[in-house]
Amino acid sequence: MSKVQTGLRYSEEHEWLDTDAAPAKIGVSAVAADALGDVVYLDLPEVGSELTAGTTCGEIESTKSVSDLYSPVSGTVVEINQEAIDNPALVNEDPYGAGWLFTVEVTSEGPLLSPEEYASKNGGEL
Amino acid sequence: MTAEPQIAANQAEEKRTALYERHAALGASFTDFGGWQMPLKYGSELAEHRAVREAAGLFDLSHMGEVWVTGPDAGAFLDYALVGKLSAIAVGKAKYSLICAEDGGIIDDLIVYRVAEEDYLVVPNAGNAATVAAELEARRDRFTAGGNAEGCALRDASAETSLIAVQGPNAEAIVLQLVSDEHAEAVTGLKYYAAVQVEAAGVPVLLARTGYTGEDGFELFVANDRAAELWDAVRAAGEGRDLVPCGLASRDSLRLEAGMPLYGNELSREVTPFEAGLGGVVALKSKEGDFVGRARLQAKKDDGVGTTSGRRLVGLRGLGRRAARSHYAVLKDGQKVGEVTSGQPSPTLGYPVAMAYVDVELAEPGTKLEVDLRGKAEPFEVVALPFYKRQK
């Protein structure tokens, strides 16, 4: 079963948010990465762009499908993970670590779930 | 991220193959295919795809149908029921064919094996197996009306038959390991689209040199109650030969690279063989008698459907990084000229590939088109199929 990492919070759309990091770090859950299949292409928001919580900010393309990325927070994009853009397999291999997607200077948060809530809803394993 | 349907697929109650427990023990993620719970992948579908291209892959295809047609009139009946000339298949050989409706639309694509003089095995797709079996019954009743009903008996063996495929450059070595020395020549001498009844690891199988991956390989038909035993034996024979269990995700990417159509994507009731580039499968010239769909197929051929009028299935190569997907619109100068039927990034070639129906005048290789990728027109070029051809 796909791992749901503790110490993070999750959106309904399967992004994770780490607000212990400064600026806050965002990626996709292992539940989502496993369901997508091998990720082959990432379209991430530009550094400096303004995000609105709950709206699309990019795309994640796997061998089988392409899905929208939603921002779990509002704020300004500080950094995007160039290593993951160059090697999208990192999203599958290490979704909570080397496969992070971007960091944001957060102004406000959208609705978020605890790891327990997210895991029970999506069949993940804490 | 939007949720993917596979997340919930495990909960659905569906048919399981005799190998389901093997897949579960290997940690497969399952998907629904034609009403069956089938392994989508065991780990990375890209790794499974590469294993088939470079070494060998093992597939459970037990969801496919198996309908036996037997008796002295079996060949003549199949000539009537299908579009090909099946009576001309030599014993021990196989033929790709289609079953069409009266209007020429494709009900399914099939492989037909002539196992013995009066024994044919028809293999339809999983999702169409019941439809094809029922359609064959109905056509048999029409064919034998007032005549000898015993001349072509039908038996749907789908529920009791499993099918395992071993595909890839190491497939022959693996299968050789399973047969006795006296049968080794039957394996090495087995031609593409030929089949032979042998024992593999002591299990009676119909061993066919067929596949859906673009590689050399074998398909093994086996009784359900011996399937797990055979699966284990194949895996044991694959040790040291980099044999990897493979799911339907890699099966789909492999067949797409090989330019092979998938029923439900490229083929459907709304498509005739001529549009799908399968006109050669329709034996309008070599069959003298009537067959189901003949009149409409002849008319469509005379109208130039798929060659000078209507639409045609083509290969598309993406010139950017992003892949086209099923149902995306194909554009020329901003106008819709077709629709994508299958598409994804090609793991072997490293660029996006797709199949699509386009207006026939735009079907020439080299034609520059665009695909509407979620609101953005991206450049694609028509290329000849297949995208990938193995070095022999």
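Which residue just after H9(B) takes a positive phi? Gly259(B) does, at about 70 degrees. This is a predicted model, in which local features need pLDDT of at least 70, side-chain atom pairs count only at pLDDT 80 or more, and totals for chains, interfaces and linings use all residues. Residues are numbered from 1 along each chain as its sequence is written, chains are lettered from A in the order in which they are written, and side-chain values use heavy atoms, without hydrogens and water.

**Interface of chain A and chain B**

- In chain A, 28 residues are in contact (heavy atoms within 4.5 Å) with 19 residues of chain B.
- The buried area (accessible area, 1.4 Å probe, that two parts lose on being put together, summed over both) is about 2,100 Å², and carbon and sulfur atoms give 48% of it.
- Asp38(A), Thr63(A) and Lys64(A) lose the most area to chain B in chain A, together 27% of what that side buries.

**Polar links**

- Five salt bridges (a side-chain nitrogen of Lys or Arg within 4 Å of a carboxyl oxygen of Asp or Glu) are found across the interface.
- Lys64(A) and Asp252(B) meet through their side chains in a salt bridge, 2.7 Å from N to O.

**Helix H9 of chain B**

- Helix H9 (a DSSP run of H or I, at least four residues, numbered from the N terminus) spans residues 248-257 of chain B.
- This helix is mostly covered, with 10 of its 10 residues buried (under 20% relative accessible area, 1.4 Å probe, protein chains only).
- Among the buried residues of H9(B) are Arg251(B), Asp252(B) and Leu254(B).
- Their cover includes helix H3 (45-54) and strand S17 (335-345) of chain B; a strand is a DSSP run of E, at least two residues.

Definitions and conventions
Buried means under 20% relative accessible area, exposed over 50%, partly exposed in between (1.4 Å probe, protein chains only).
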